[in-house]
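The following exercises concern the packing of helices and the enclosed spaces of a protein. Each task is followed by a worked solution.

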Amino acid sequence: MCGICGFAGDKNEGLLRAMAGSLEHRGPDEDGFFTDEERVSLGMRRLKVIDLATGSQPVFNEDRTVAVVFNGEIYNYKELRAELQAQGHRFSTNTDTEVLAHLYERHGDEFPKFLRGMFAFALWDAKERKLLLGRDQFGIKPLYYAQAGNKFYFASELKALRLAPGVCGDLDPLAIDRYFTYLYVPAPLTIYRGVKKLEPGCVLVLRNGAAAVEKYWELTPADNAGKPEEYLLENIRDLLSKSVKEQLVSDVPLGLLLSGGVDSVSILSFMAEHAGSGVKAFTAGFGGGDFDETAAAAVAAKRFGAEHFIIPVEADIGAVITKLAGHFDEPFADSSALANYLVTKEARSRVTVALAGIGGDELFGGYPRHLGARLLPGYLKLPGGLRRLAGSAASLLPESRSSFNLPGRVKRFLNSGAGDFGSGYNSWISYLAAAEKKEFYSGRLYAETAAGSGALPGLPGGPDGIFGFELGSYLPDDLLCLADRASMANSLELRVPFLDTRLVEFMAGIPLADKTRGFRLKHLLKKAMAGRLPPEIAKGAKRGFQVPLAAWQANELKDFTAAALSPEAVKRAGVLSPEGVAKMLAEHSSGRRNLYDRIYAASVFHLWLEHTSHNPPAVISGAWSVRGKRKILLVNMAGLGDIVMMTPAVRALRAAYPDASLELLTIDRSGELAGGIAGIDRVHAVPIHYRWAGPAALYKFLRTLLALRSGRFDALVNFSLVSSFGGLVKAGLVNKLVAPGLSVCRALEGLGAAGTFTFYEEEIEKKSEVELTARLLGPLGLEPRDLTISWTPGFDEKRAVLKDLAARGLSGRPLIGLNPGAFRPSRRWAPEKWKALVSLLLEKYPSALLVVTGSAGEKSLAAGLKISERVFPAAGLYSTRESAALYALMDVFITNDTGPMHLAAAAGTKTVCIFGPGDHWRFSPSVPAERLRVLRKDVPGCEVPCYKFNCANTACLDAVTPADALAAAAELLA
């Protein structure tokens, strides 16, 4: 499984790598890129599943005139490969991807119709100068595209397109309306105007800047008219068995998402037949009740000898909802995504691929609405007055909070008789009626959508039209979307055996009445599998893969929902009516109606809006789209480590805008080091320190800001985290006095905006500081993919240090560095521990020279460690940049301060850092793991992270022993 991306009409390696990097969760194993000047750029991230050794992408034909990047699996690739080889095509890999290149040569744009599997691909034909995009017959794998001017972009997920400047801009009111009506945004719409989903069974051809979408596959029902039932049952078993067998092909561990329903248990029965016992099966557990299927799943697992894992859904549901609201890139409110995400997260720890029963309900008539569809034609024949009376009476029924909610279903059926079959069916799948929108939407949204119909196109005209309609709408845009995003968020490939073209076409030729004979859901599937499944599974009631959302909203999510849908939040968003939302909540609380889906949709929408405001799409604003040389001011009012962690962003800016003017505003103690960063044209240093520096320093600070104002900067990027109200005031002052075209900054959640674009962070972020600051370049149209910190000492600094060491007679020995000081006294390891470590190092490495570094104020501390002639106290002897040159000469460096840790690591030195109460989550990951060992001990009751300047109780530091430090250094030196 992979993620693909790319563009045409531009050449921008930084953007291509950033787009691919945003899809890393889809393919954590490796990446691949191809560029043909400005004509096309292709990128991909790969999850290795088949052909682990030679399956890297892009893949080419024999003369490399056809290049392909691919997401998915082709289950019939071996037979296609054999046919192509017989026709003279030569293969250089064993991967299924290569089949696409040769099949295209053979059959042209319609070649996808020969593929059986799940896929999205991009194919570049250099001879024809043509880009071809394609998506599988059922939309199992996603593909988005957009045209912006003379540039064309595509990607597996919107998050990659959001990095392309100017692509994801205004929201589409029609998409918002469809979302609140159906809980998802149907294709070809997306939440953004101008960005589209490629629809299932389609290819897009881009030639000479013009894009055309064509259908390569149409559903052709099999001719099953008059066939005996036994014939149907035998073919169902045979086709499903063949599909499962094909989808077991994998070079990595494989399992099953197992519910207690007939769909997934049927798949399990064939998995056991073809792969034997021991199938790893994963089931979500809700602690009992009618949503919980663990008991039925356990029966099935025992019957077929599966290794069964029950995953209790006990997570912080509010946190999961918030995470997924952002991860889905556009509003998506099918709450089953929560369980799918949690189950696949656990499954990924044991398998890389899993099968699932998605599609069984659509193929075999598994939804209660399928029974209603059989009754609806007769109901519509009743007199209109009688139907209206029945609907009015039904509205008095209180609804249930159960998974089936029978009173709610009865109400929806009786209220569906006001029009024709299509409108009645549409009312069953809608969660917001047209008549309710005026008071639920804000005045602006209602005005923008009132003229158009909120209904999906192509509604069925009768019961047998439902099959094709659901196959083209609900299945790809809801079920398959949630399965793909939830599983790929955890880097798990999900396969769906029911969606095999042979099986789908066979079932399309069977009337709904035969599939639900005796008004029994999935009559044919249950009868076909009766001899294989446990009786309690075949006879079990329909549940669906649901979550107890109504119960959660009444309990665990009560405060969460109240905050998400507070009048202030709703008014601020400006999409819904605060009064309409309040009425919805009150009606749900009364018990008259079960509106949990609508409540969830509104909550998710506002969470998505909030995520988007904190992580805006890449845009080049009017102020930023300047003519001529760009002027950018970087602000970093912090220490040495923060300056070093800024280096990936500087590289990205310089690569994207080589003629730009880059200047930096920083503090005195960091100015010298910053001056050595390649790409920065000028450094402005001001006397700001950890504590108040006095009126003279403030005067110089303000004077510097006013001088910078005359520079007329197009953009200001502030890398310093605003973590207090005072910091917010300072950031605002810098923005106001410098007056850039736009300003970008970062702040702790809850502090408020500190610039044109503000990226909010939690107090504890388990991401590296480099990754967090890299986001700041998004509004400038960039996102660095290479997040490696680096600082190369200059020639003069290296020569000065080498000359001094030679003069002291210290050349030619292995060097072990020690840095016992720290800017904050709270970070300092005890001097006696350092002395003990020196003794251990001298004993273990008799030929090494121990160099004790530090500032001039730490001379006495360094001198105190000179217990041997092989200890060289170097504190205060060298400038900051010379110290970096010294670090680069060391074999290993041991420190208890993050600034020297980052500087040494950036210079390429293996580093041991003794971490006390500092935020190791932010600062450790910015150093490559192979060059870093972190020593820290959690101490009960100790505040983490802690930014105290002094600390009376340094137990967290004291818990680290000299033996721990020696072992870490020895591991790096091994």
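**Exercise 1: A helix crossing**

In this predicted model, the axes of helix α35 (residues 795–807) and helix α38 (residues 880–889) come within 8 Å and cross at roughly 70 degrees. Classify the orientation of α35 and α38 to each other, give the handedness of their crossing, and describe the residues in contact.

*Solution.*

1. Angles of 65 to 115 degrees count as roughly perpendicular. The crossing angle is roughly 70 degrees, and α35 and α38 are therefore roughly perpendicular to each other.
2. The crossing of α35 and α38 is right-handed.
3. On the α35 side, the contact is made by Glu797, Lys798, Ala800, Val801, Leu802 and Leu805; they meet Arg881, Glu882, Ala885, Leu886 and Leu889 of α38.
4. Sorted by class, this contact of α35 with α38 has 7 nonpolar and 4 charged residues, and no polar ones.

**Exercise 2: The largest cavity**

Characterise the largest cavity by its volume and its lining.

*Solution.*

1. The structure holds 8 cavities of 30 Å³ or more; the volume of the largest is about 130 Å³.
2. Its lining has 19 residues, and Tyr144, Lys197, Pro476, Cys481 and Arg485 lie nearest the centre.
3. Helix α19 (residues 474–488) gives the most to this lining, with 6 residues.
4. The lining comprises 11 nonpolar, 1 polar and 7 charged residues.

**Exercise 3: The second largest cavity**

Which strand provides the largest share of the lining of the second largest cavity?

*Solution.*

1. This cavity has a volume of about 90 Å³.
2. Among its 14 lining residues, Arg46, Ile50, Gly72, Glu73 and Asp96 lie nearest the centre.
3. Strand β5 (residues 66–74) provides the largest share, 3 residues.
4. By class, the lining has 6 nonpolar, 5 polar and 3 charged residues.

Note on methods:
Residues numbered from 1 in each chain as written. Predicted model: local features only at pLDDT ≥ 70, side-chain atom pairs only at ≥ 80, totals over all residues. Heavy atoms only, no water. 1 Å grid on protein atoms, 1.4 Å probe; cavity = no way out; pocket = protein on both sides within 12 Å on 5 of 7 lines; lining within 4 Å. Points joined across faces, edges and corners; volume = space filled by probe spheres on them. Helix = DSSP H or I, 4+ residues; strand = E, 2+ residues; numbered from the N terminus. Nonpolar A, V, L, I, M, F, W, Y, C, P; charged D, E, K, R; others polar. Axes fitted to C-alpha atoms, helices over the stretch in contact; angles between N-to-C directions. Parallel < 35°, antiparallel > 145°, perpendicular 65-115°, else oblique. Left-handed = near helix turned anticlockwise from the far one by under 90°. Contact = heavy atoms within 4.5 Å.
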